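Work through the exercises below with the sequence and the structure in view, and try each task before you read its solution.

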Amino acid sequence: MVDIQKNFGKNHVLKNINFSVGKGTIHALLGENGAGKSTLMNILYGIYKQDFGEIFINGELVEIKSPKVAIEHKIGMVHQHFMLVPTFTVAQNIMLGSELTKGLGMVDFKKANREISKLSEEYGLTINTKKKIEDMAVGMQQRVEILKALYRGAETLILDEPTAVLTPQEINKFMENMRNLARDGKTIIMITHKLNEVKQMCDYCTVIRRGENIITVHTDDYNEQQLASMMVGRELTFGVEKKPAAPKETKLEVQNLIVNDDRGIKRVNGVSFEIRAGEILGVAGVDENGQQELVEAITCLRKTTSGSIKINGKEIQNTTIANVISSGVSTIPEDRHKSGLIMKFSVAENMLLKNYKERPFSKYGRMNKNKINEFASDLAQKFDVRPQDCAELPVKKLSGGNQQKVIIARETSDNPDLLIAVQPTRGLDVGAIEYVHKILVEQRDKGKAVLLVSLELSEIMDVADKIAVMYNGKIVAIVDAAATDEDEIGMLMTGGSKK
Ligand SMILES: Nc1ncnc2c1ncn2[C@@H]1O[C@H](COP(=O)(O)OP(=O)(O)OP(=O)(O)O)[C@@H](O)[C@H]1O
Ligand SMILES: [Mg+2]
């Protein structure tokens, strides 16, 4: 890609990008949230058209007008947010738009199933082709997306933050799969924020910063610290600076809580804990050990079977979401699209979802747009949401990481008693992660109770004061963060016992 430029209105998103990738290599694309990584790859995949610049494939000048043309050039893409049809089976999704037919235009499912199975065996991407997407874990859905691209003959695979949604176990398998593909001559471009993965699996790495090319390097020649500084243009601290906690009165008290999932299976099985003002409790655990149901119960998104959940001594279990919010609970949810934002609404409207009825934002039932935009612009500046003049922009036009910042800005600015943060740094760049961790600690120091749920053990270790380990629906231990280490927590997370 030579001299690529792209503007969205006044926003010069890509200024002059040169990017080339060699066959059979794994190439990382690194950059801060909003740097232009997805945009660059969307241009390569024909979703956007560059305003200026040229694209060459195998030395030949090409014009990629649409994804269809990209596919003809053997380019496949797996997006940051998957694009599968939930009610279709794996095979139906993979075939979609390129169905094999036999006489009379009938879809030849048998042949398709055979071919998909063959592909999945060839690359070790095992999958049940008859299963529906909605019944599959995210890791499996991603496998479907990759197979879909390979089924269409992709030689170059673009993966936009493929590991952001995977558990540590799935990530290891994923890296192995990618290496197999590269060994087979496939070319892989991978956008990621995880520098350890870049080091572990990528041959080369290109860093872009605010729409400009910084450098392309051999990943072996640089360490994580150096890559991070190139990305953000300054030194990063890595690790969280904080004073010891000074906990005060109890804010959240959970007692003997039992919660079932949609199928009636007990997912939270007698959980008790409390969080006091001025402390951060981290919940560590392997995915699907009840963390999600626990948070859903506290935020009233899911009915509990028995037990009790008290905020400031007041029972909130099985009341209403509005009641939970007015009791002083703020939440940074796990799925930002499903439960954090209204994608069609502007950044300002999203920032005020909870307070738009209050003065000065509304008066006599009428919203005051100026006040709302003013408030949003202030928050956008404080939280470094990019582009800075985003108040009236639909939130769906922000980059993934900047969408997350909008939620964090909203949820911390309304002065909660309890802040629940679920995977708050998923998809964020290292600079933004540092920032979010600082905010969580700041909230703590302001006397808030913070519940941090994360699959990233290092995040829990860095940020939390106390760590509750969840395993199989139970909290198997609550330990002081200062008095433990990753080995001990890792052991507890997988059902082992304390040292
Ligand atoms: N369709 C669009 N309309 C207007 N602006 C857009 C559009 N798509 C992207 N942008 C803007 O382009 C810039 C780059 O966004 P992009 O999604 O490429 O970032 P990114 O590097 O992938 O970030 P992240 O790590 O957060 O995913 C952002 O400022 C974003 O707001
Ligand atoms: Mg992106």
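Two strands are said to pair if DSSP finds at least two bridges between them. The model used in these exercises is a predicted one.

**Exercise 1.** Find the order of the strands in the open sheet of four strands, and decide which strands lie at its edges.

*Solution.* Begin with the pairing of two strands: β13, residues 250-260, and β16, residues 306-311, are joined by five bridges and run in the antiparallel sense. One residue pair that you can look up here is Glu-253 with its bridge partner Lys-310 in β16. Next, extend the pairing to the whole sheet, which is open, antiparallel in its pairing, and reads β14-β13-β16-β17. Finally, look for strands that pair on one side only, and you arrive at β14 (266-276) and β17 (314-315) as the edge strands. When you turn the sheet in the viewer, keep in mind that in a regular strand the side chains alternate between the two faces of the sheet.

**Exercise 2.** Determine how strand β23 pairs with β15 and with β24, parallel or antiparallel in each case.

*Solution.* Take β15 (residues 279-284) as the starting point: four bridges connect this strand to β23 (residues 466-471), and the two run parallel. Within that pairing, Gly-282 has Ile-467 of β23 as its bridge partner. Then turn to β24 (residues 474-480), which pairs with β23 through six bridges in the antiparallel sense, and where Asp-480 is the bridge partner of Lys-466. As a last step, examine the hairpin that β23 and β24 make, since two residues stand between its strands and Asn-472 takes a positive phi near 55° there.

**Exercise 3.** Describe the surroundings of ligand 1, stating which residues come nearest and which parts of the chain supply the shell.

*Solution.* First, list the neighbours: 21 residues surround ligand 1, and those that come nearest are Gly-34, Lys-37, Thr-39, Ser-399 and Gly-401. Second, sort the shell by residue class, which gives six nonpolar, eleven polar and four charged residues. Third, trace where these residues come from: β2 (11-17), α1 (37-44) and α14 (400-413) each supply at least two, and α1 has the largest share with three residues. Domain 1 (2-232) and domain 3 (346-414) each give at least three residues to the shell. Fourth, look at individual atoms, where an oxygen atom of ligand 1 lies 2.8 Å from a backbone N or O atom of Gly-401, and a nitrogen atom of the ligand lies 3.1 Å from a polar side-chain atom of Tyr-48. In total, the protein covers 90% of the 640 Å² of accessible area that ligand 1 has on its own.

Definitions and conventions: Residues are numbered from 1 along each chain as its sequence is written. Chains are lettered from A and ligands numbered from 1 in the order in which they are written. This is a predicted model: local features need pLDDT of at least 70, side-chain atom pairs count only at pLDDT 80 or more; totals for chains, interfaces and linings use all residues. Side-chain values use heavy atoms; hydrogens and water are left out. A polar contact is a pair of N or O atoms within 3.5 Å; within protein, one must be able to donate a hydrogen and the other to accept it, and residues adjacent in sequence count only if both atoms are side-chain atoms. Accessible areas come from the Shrake-Rupley method with a 1.4 Å probe; for residues, only the protein chains shown count as cover. Ala, Val, Leu, Ile, Met, Phe, Trp, Tyr, Cys and Pro count as nonpolar, Asp, Glu, Lys and Arg as charged, and the others, Gly among them, as polar. Domain bounds come from an automatic or database domain assignment.
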